[in-house]
Amino acid sequence: MTNPYKPGAGTMPEYLAGRDDIIDNIKTILLDLRDGGMATHTIFYGVRGVGKTVLLNKVEDIAATYNYLYEHIECDEHFDFVHSITLTCKYFIRQMSRMESVKALVENAKAVLLSFKMTYGVEDNDVSFGVDADTLNTFETANSGDLSRDLLTLFITLGELAVKCKKQICFLIDEIQNLKKKDLTALIVSLHRVNQLNLPIILIGAGLPTILRISSDAKSYAERLFDFVKITSLKQYDAVKALTEPAKKSKIRYSGEAIKYILNATGNYPYFIQQYGRILWKLSNGIGYEFTKDDAENVYNEYIEKIDDSFFSTRFNKSTKAEKNFLLAMVSFDKFPCSTKELAIKMNSNQSKISPIRNNLINKGLLYAPSYGEIDFTVPFFDDYLRRILLEKG
Ligand SMILES: Nc1ncnc2c1ncn2[C@@H]1O[C@H](COP(=O)(O)OP(=O)(O)OP(=O)(O)O)[C@@H](O)[C@H]1O
Ligand SMILES: [Mg+2]
């Protein structure tokens, strides 16, 4: 039997535990929009490895079932929003252009997109769709040079076309905290207006907790525009299921003590549960076995080595020396979030000196500020990892 545990980024687990309510809610939201209701733009937020991307992938499946036009966009740190939005809109327009009855609207949408592309210098020869640039002025255009305005024109054109095609459009945006402020602002402004016009465009996003502050900094009404859904570690009952269900097909079980031990080590975080399960599985020969607490204890060190390598060290190694010192200083606290003011004192420094380092670490996605003057790690158990590093250093 193959190993049913799938630690990774966005890999759909064999058993998706504890997210039924969230999924049902998304179904209602998408059905509501399909029936002409208002778009409830939703953002899943939470720390690393908690299952945000998996949920977004699930939404993609639901959108497909409900016949939506959708596109999954992942924003990395060097993400080019305008380029990506241009290609995504091109795809949507192409999909809708097949309908004879909307030909004139499609031509208009193509021209708007072409003017948008030319205004922002997006390199993609294919976006011209055969529209002649000289005739652009006979169409609407998205070429003011003000991104919020132009994106809005593009979204309205797209939304009106979708209405005529009886289609709904879903943008699925992962790692949304990486959007630059002007891009996020343009997106918020456009979605806000699209809602007022009751056009069938919806955003479902996912990102680190930082997104809460970034979006309200971008536009104060973002808090009302988005439904922010916190994704947390699993409740005990669901964590037990995440651990035990994938093995059931192979008649592999866990003793109560083993379950307790593993869930205590993983803090009920989905990524860690998958990783523990995957390592432990090797002891079983893949069929008919009951894991004991001893088994779980025996692979603990291997589990720690694995998560250090696959989850923590890549993130730690992305930081500069000063950032590493900042992170290591944080572990002198035993509770998080911790105060930046107190941290500065512990570092024999002052707040204004350490604040650029703090900001870089937030931008790199390693820290977030749950409230003013406080910071926490975006990676669960990162403090334990840093303590191991300090131990190694002696
Ligand atoms: N509800 C769940 N039940 C069981 N396993 C899950 C669940 N959610 C996620 N997982 C598993 O946890 C791991 C991490 O999931 P995912 O990549 O979606 O997390 P994430 O929150 O997007 O992390 P990151 O912030 O690093 O992108 C994957 O291996 C996935 O299979
Ligand atoms: Mg993710």
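Visitor: Which domains does the domain assignment give for the protein chain?
Guide: The model shown here is a predicted one, and its protein chain has 17 helices and 10 strands. The domain assignment divides this chain into domain 1 (20-230), domain 2 (236-311) and domain 3 (319-393).

Visitor: How far apart do the C-alpha centres of domain 1 and domain 2 lie?
Guide: For a sense of scale, the C-alpha trace of the protein chain spans about 75 × 55 × 35 Å along its principal axes. Within that trace, the C-alpha centres of domain 1 and domain 2 are separated by 39 Å.

Visitor: Between which domains does ligand 1 lie?
Guide: The shell around ligand 1 has 23 residues, and those that come nearest are P13, G51, T53, V54 and P270. Two helices, α2 (52-65) and α11 (270-281), each supply at least two residues of this shell. Because residues of the shell come from both domains, ligand 1 lies between domain 1 (20-230) and domain 2 (236-311).

Visitor: How many residues of the shell around ligand 1 are nonpolar, how many polar and how many charged?
Guide: The residues to be sorted are the 23 around ligand 1, with P13 and G51 among those that come nearest. They divide into four charged, nine polar and 10 nonpolar.

Visitor: Which helix gives the most to the largest nonpolar core?
Guide: Of the 394 residues of the protein chain, 40% count as buried, and the largest nonpolar core has 113 residues, with L154, L158, L161 and C170 having the most contacts inside it. The helix that gives the most to this core, with nine residues, is α5 (residues 147-165).

Visitor: Which residues does L161 touch, not counting those up to four places away in sequence?
Guide: L161 is one of the residues with the most contacts inside the largest nonpolar core. Once residues up to four places away in sequence are set aside, those that L161 touches are M96, V102, L105, V106 and A109.

Visitor: Is I202 buried or exposed?
Guide: I202 belongs to strand β4 (residues 201-207), and beyond its neighbours within four places in sequence it is in contact with L33, A39, H41 and C170. The C-alpha atoms of I202 and L33 are separated by 8.3 Å, although the two residues are 169 residues apart along the chain. Because 27 other C-beta atoms lie within 10 Å of its own, I202 counts as buried.

Visitor: Is K166 buried or exposed?
Guide: K166 is found in the loop between α5 and β3 (169-174), and it has a positive phi of about 55° although it is not a glycine. A residue counts as exposed if 12 or fewer other C-beta atoms lie within 10 Å of its own. K166 has 11 such neighbours, so it is exposed.

Visitor: Where does K251 lie, and is it buried or exposed?
Guide: K251 has a positive phi of about 55° although it is not a glycine. The loop that holds K251 runs between α9 (236-248) and β6 (252-254). Because it has 12 C-beta neighbours inside 10 Å, K251 counts as exposed.

Visitor: Which residues does D76 touch, not counting those up to four places away in sequence?
Guide: D76 has its place in the loop between β2 (69-74) and α3 (81-96), and it counts as exposed because it has 9 C-beta neighbours inside 10 Å. Leaving out residues up to four places away in sequence, D76 touches E175 and N178.

Visitor: Which residues does the cis peptide bond with omega of about 5° join?
Guide: One partner in this bond, P337, has its place in the loop between α14 (321-330) and β8 (338-339). With omega at about 5°, the cis peptide bond joins F336 and P337.

Visitor: What separates the C-alpha atoms of N325 and M347?
Guide: N325 is found in helix α14, and with 14 C-beta neighbours inside 10 Å it counts as partly exposed. N325 and M347 are 22 residues apart along the chain, and their C-alpha atoms are separated by 9.0 Å.

Visitor: How far does helix α16 reach from its first C-alpha to its last?
Guide: Helix α16 (residues 351-363) has 13 residues, and it is followed by G365, whose phi is positive, near 80°. At 1.5 Å a residue the expected reach is 18 Å, and the helix comes close to this, with a reach of 18 Å.

How values were computed. Residues numbered from 1 in each chain as written. Chains lettered and ligands numbered in written order. Predicted model: local features only at pLDDT ≥ 70, side-chain atom pairs only at ≥ 80, totals over all residues. Domains from an automatic or database assignment. Near = placed C-beta within 6 Å. Helix = DSSP H or I, 4+ residues; strand = E, 2+ residues; numbered from the N terminus. Nonpolar A, V, L, I, M, F, W, Y, C, P; charged D, E, K, R; others polar. Expected span 1.5 Å × (residues − 1). Buried ≥ 20, exposed ≤ 12 C-beta atoms within 10 Å, placed from the backbone. Core = buried A, V, L, I, M, F, W, Y, C linked by C-beta atoms within 7 Å. Contact = placed C-beta atoms within 7 Å.
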